[in-house]
Every structure is written in structure tokens, then in C-alpha cells.
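Q: I would like to learn how to read the place where a ligand sits in a protein model. Could you take me through it slowly?

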Amino acid sequence: MAEETIFSKIIRKEIPADILYQDELVTAFRDINPRAPSHILIIPNQLIPTVNDIESDDEVALGRLFTVARKLAEQEGIAQDGYRLIVNCNAHGGQEVYHIHMHLLGGKPLGPLLMN
Ligand code: AMP
């Protein structure tokens, strides 16, 4: 069994977070350390630590991440100008929290994907 992270506590509302959306499969909340005017994390409610742990049974929940990203981008007013979706994996990918999450970033020109 993978070890729970702080994100499981956010899903269960045991610690505060600015939750923008929640359904039976996914939860979306504002990143505590925003790197853009809009910076939202969208996560499956079920713990999947990294992209390396994805199984075919996870496809519905992971597909939902994109549907919710699309809706939240519209809600944030950033859909037309554009935005970036990022999923980091393990150390070289810069992953800090081992509960898979999609970053939705926008609200300003984000520049090139990799800056170093
Ligand atoms: P990553 O580097 O892809 O694992 O991103 C983890 C993200 O989680 C970072 O952008 C953090 O700022 C964010 N984060 C960590 N703890 C919290 C929290 N309690 N509430 C909201 N965002 C968080």
C-alpha cells in the first residue's frame, strides 16, 4: 500500500484547502504556493503515487482530470488566452508530493516549458 500524503487529508477535508471542485473521482484546489495567477491542482481521490503507478483501471479518473481542467480554465477566465497542464513524475520530474496531480497554470504568458 502506498503511503498517504497531505493531499488525502485535503480530499477528506481534514485540513483546510481552497477546494474549487470535488466529485466522486477527483478533487481540485488552489496550489498553496502559486507559480502563476491561476495555479490549481487536480488530483484523483484515489491515491496513485506517480505516473509510473497508473493502471488501466485508473483511466476514467485520470481522464476526468482533463475534463475538470477544461471547466476550471473556463471558470478562471483563462481558456481563450491559454494555459499549461503539467504532471511531474519522480525526482528528475520535480515531483514533491507523491499523490499524482495535474497542475493547471495560467493567467499570464508562461514562457518556454523548460527554463534550465
Ligand atoms: P509537485 O512538485 O508536482 O509534486 O507539486 C506539488 C505541489 O503541491 C506544489 O506546487 C506545492 O506548492 C503544492 N502543495 C503542497 N502542499 C499543499 C497544500 N497543503 N495545499 C495546496 N497545495 C500544496
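The dialogue below goes from the pocket to the ligand and its contacts.

A: Please keep in mind from the start that this is a predicted model.

Q: How much space lies in the largest pocket?

A: A pocket can be described by its volume and by its lining, and here the largest pocket holds about 870 Å³ of space. It is lined by 31 residues, of which Asp-31, Arg-35, His-39, Asn-88 and His-103 are the closest to its centre.

Q: Which helices and strands supply at least two residues of that lining?

A: The elements that each supply at least two residues are α1 (6-11), β2 (26-30), β3 (38-44), β4 (83-86) and β5 (102-106). Among the contributors, α1 gives the most to the lining, with 3 residues.

Q: How does the lining of the largest pocket divide by class?

A: Sorting residues by class gives a simple picture of a surface, and this lining has 17 nonpolar, 7 polar and 7 charged residues.

Q: Where is the ligand, and which residues are closest to it?

A: The space that the ligand takes is the largest pocket. Both α1 and β2 give two or more residues to the shell around the ligand, and the largest share, 3 residues, comes from α1. In total 17 residues surround the ligand, the closest being Asp-31, Arg-35, Glu-96, His-101 and His-103. By class, the shell holds 7 nonpolar, 6 polar and 4 charged residues.

Q: What polar atoms lie by the oxygen and nitrogen atoms of the ligand?

A: Here one looks at pairs of atoms and asks whether the protein atom belongs to a side chain or to the backbone. A polar side-chain atom of Arg-35 lies 2.3 Å from an oxygen atom of the ligand, whereas for Val-97 a backbone N or O atom lies 3.0 Å from a ligand oxygen atom. A polar backbone atom of Ile-32 is 3.1 Å from a nitrogen atom of the ligand.

Q: How much of the ligand does the protein bury?

A: Taken alone, the ligand exposes 500 Å², and the protein buries 88% of that area.

Notes: Residues numbered from 1 in each chain as written. Predicted model: local features only at pLDDT ≥ 70, side-chain atom pairs only at ≥ 80, totals over all residues. Heavy atoms only, no water. 1 Å grid on protein atoms, 1.4 Å probe; cavity = no way out; pocket = protein on both sides within 12 Å on 5 of 7 lines; lining within 4 Å. Points joined across faces, edges and corners; volume = space filled by probe spheres on them. Helix = DSSP H or I, 4+ residues; strand = E, 2+ residues; numbered from the N terminus. Nonpolar A, V, L, I, M, F, W, Y, C, P; charged D, E, K, R; others polar. Near = heavy atom within 4 Å. Polar contact = N/O pair within 3.5 Å; in protein donor to acceptor, adjacent residues only side chain to side chain. Areas by Shrake-Rupley, 256 points an atom, 1.4 Å probe, with all protein chains shown as cover. Sits in = over half its atoms within 2 Å of the grid points.
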